[in-house]
Amino acid sequence: MKRTAFFFAAVLWSAASLLLASEPLNLSFEFSGVSPEQGEIVEQIVEQRLSERSAGGELHASYAVDASFDAEEYSVETNGSTATLRAGSFPGLIFATGKLLRSINYAPDSFTIPEFSFREKPSASFRCCYFARHFHNWYHMATDEELERYVEDLALWGFNTIATIQIPLVNLNLDPETEEWRHAVKGVKTIRAASKRLGLSFVALDCVNQAPRDIPEELIATPNIDPKRGNNGWNACLSKPGGLEYMDRVIRASFGSFVGAQADYTCWWPFDEGGCECEGCGPWAVNGFLKHVARYSKLVNDEFAPDQKFIVSTWTYHEDEFEAVWEWGKDHPEVKYVLADAHGDFPKYPLERPLPEGYALVTFPEISMQGRFPWGGYGATPQPRRFTELWEQVRGHVDGCMLYSEGLFEDINKIIESGFYFRDEKAEDSLREYAQYELAGCDPEDFVKLCRNLEAILILREQNPEYAAAALDAMKLAVKIDSEILPSLRNAWRWRQFYCRCLLEYERNVRGNENTQTYVDAILELQHMYHSDLFPEGVVDEMHGCTTPVLPQGEIGVYPQPEEEIQER
Ligand SMILES: [Zn+2]
């Protein structure tokens, strides 16, 4: 009898704990000053992120737009299961939501909200990520849902602007009626819509002389002579007879595809895709480019978007070329931002000379291409040290950034940069916050060490003995993090691309052999993650190769798993 009673008590207890464990999320929301649709967007964002981490938990959130706040200023206050979020605008409430979500302590069964009070406003006005989406990379091949989700994720970290190329002319003929052209337009509209629904700004990048691939041969431009400026695609000479008329047609076709869905800014780009160094157009940086930026800004304002503002890029300008831009800027109030940057150190002129009136200076941090080839072919590429050094050169002098991004592999670098431009945060603190939220369950200090190790072995060299120690440490940290991270996040792409990178470094640098099943499996997983497995025949074009993980050549051997081996070391 006693035994039976104990048995029933035990059953009841386990039923109760089961009930407790599967207690669903208990969420409620109140909104003031936002539209019903905006309220639904916030509810969806919060519910999705919480349910991805914990099976249960209680949050009662009250949101309000508060006119006493600056537009992007926000505050979060918590008490028990309640949270009060205020901001000067809807995007400010999204930033506040991100702060709240990253502050929560997640466990598999339930989350808890620590008590805190936080208020801040961003130090830089333009926090933009540029999606380079014309190389069949992830941005190009992602579904609408994936793009929408990624824009949300960036907004939660404080990005207020998304940019992409307006029309990838390099891949197209001059015919807006073709399926290819329509497809390109649709992708841009998806990214724009995903940005606008969150209240973010949208930038279309365009070149004043970039032509489609069916450009008449006699109009092709004279190539750039500085190899750092590149000669991508087909650029038109605007000094040859018929050149200007041809380019007018291209610009009208391009902007005409977005009637009713214009960008907030057009960013005019000078080189790589763009440029002509013939006698009439050159020197392009100070002559043809500025002349035609003025012409096409006016055309866009007159015919398509009267209120549109412009960003003038001076990417890879030489020190002695900036003065002409600064002079030109005195007569061009339609420009709001001047963008400057180089492949390495930031140029000095823009930091030392006062800007034209009404202008603000933004940077172009190159977060994708540094270090190895294919730069998007090995998983996560954290570079906290490098980006801190570059930030130190510009902090206090600039009003924002437009990150150059070719995919998901540098997701962590975006977060490092957002910390710099939002609140001058140290890279390591951004890494800790990323770990707390995206890798919840792990020790954030382990993640900081892991990122340092991976940065130390970023540059590819064969069999460097110094890399073996860093790769072994990285693998040990990865195994530890993998065992601690919430089960619900263990297979998420953000962690898996770190884990795959550690496996690849281990095989390459510790075992000294890429021809292993572990290496092959990690590459295949990354190919799937980055959508390069949509092209079973291999890379589609040269630039596609830059973000495609590559399988090793030759016979593949089977060796013990790195996870087993490191236990013996
Ligand atoms: Zn020319």
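A residue is called buried here when its relative accessible area is under 20%. In this predicted model, strand 8 (residues 126–131) offers a good place to apply that cut-off, as six of its six residues are buried and the strand is mostly covered. The covering concerns both faces of strand 8: F126, C128 and Y130 are buried on one side, and R127, C129 and F131 are buried on the other.

Strand 8 also has partners in the pairing pattern. It runs parallel to strand 17 (residues 400–405), to which six bridges join it, and C128 stands opposite M402 of strand 17. Strand 8 is likewise parallel to strand 9 (residues 161–165), in this case through four bridges. C128 appears here again, with T161 as its bridge partner in strand 9. A reader who starts at C128 can thus follow the pairing to M402 in strand 17 and to T161 in strand 9.

An open sheet of five strands can be described next; its strand order is 1-2-4-3-7, and its pairing is mixed. Strand 1 (25–32) and strand 7 (117–120) form the edges, and each has a single partner strand, so one side of each is left without a neighbour in the sheet. On average, neighbouring strands of this sheet are turned by 10 degrees against each other, direction ignored. Within the sheet, strand 3 (residues 74–79) and strand 4 (residues 82–87) run antiparallel and are joined by six bridges; S75, for instance, has R86 of strand 4 as its bridge partner.

Two helices accompany this sheet. Helix 2 (residues 36–53) packs on it and touches strand 1 and strand 2 (57–65), with a direction that makes about 155 degrees with that of strand 1. Helix 3 (residues 90–103), in turn, lies across strand 2, strand 3, strand 4 and strand 7, and runs at about 40 degrees to strand 3.

Turning to the metal site, the zinc ion is coordinated at 2.3 Å by the SG atoms of C237, C276, C278 and C281. Along the chain, these donors follow the spacing C-x38-C-x1-C-x2-C. The angles among the four donor atoms are 103 to 113 degrees, and the site is tetrahedral. Two of the coordinating cysteines can be placed by their accessibility: C278 has a relative accessible area of 16% and is buried, and C281 is buried with a value of 1%.

Further along the chain, helix 11 (residues 384–394) has P384, R386, F387, W391 and V394 as its buried residues. Viewed down the axis of helix 11, these residues fall within an arc of 160 degrees, so they line one face of the helix. Their cover includes helix 10 (349–352), strand 16 (360–363), helix 12 (411–423), helix 13 (427–438) and helix 14 (444–456). After helix 11 comes G396, whose phi is positive, near 90 degrees.

Helix 14, one of the elements that cover the buried residues of helix 11, contains N453. N453 has a relative accessibility of 14% and so counts as buried, since the cut-off is 20%. Leaving aside residues up to four places away in sequence, N453 touches A470, D473, A474 and L477.

Key: Residues are numbered from 1 along each chain as its sequence is written. This is a predicted model: local features need pLDDT of at least 70, side-chain atom pairs count only at pLDDT 80 or more; totals for chains, interfaces and linings use all residues. Side-chain values use heavy atoms; hydrogens and water are left out. Buried means under 20% relative accessible area, exposed over 50%, partly exposed in between (1.4 Å probe, protein chains only). The arc is that of the directions from the helix axis to the C-beta atoms. Contact means heavy atoms within 4.5 Å. Two strands pair if DSSP finds at least two bridges between them. Axes are lines fitted to C-alpha atoms, for helices over the stretch in contact, and angles run from 0 to 180 degrees between N-to-C directions. Donors are N, O and S atoms within 2.8 Å of the metal (3.2 Å for Na, K and Ca); water is not among the atoms, so sites may look incomplete. Four donors count as tetrahedral if all angles lie between 85 and 135 degrees; four count as square planar and six as octahedral if opposite donors are over 155 degrees apart and all others between 65 and 115; anything else is irregular.
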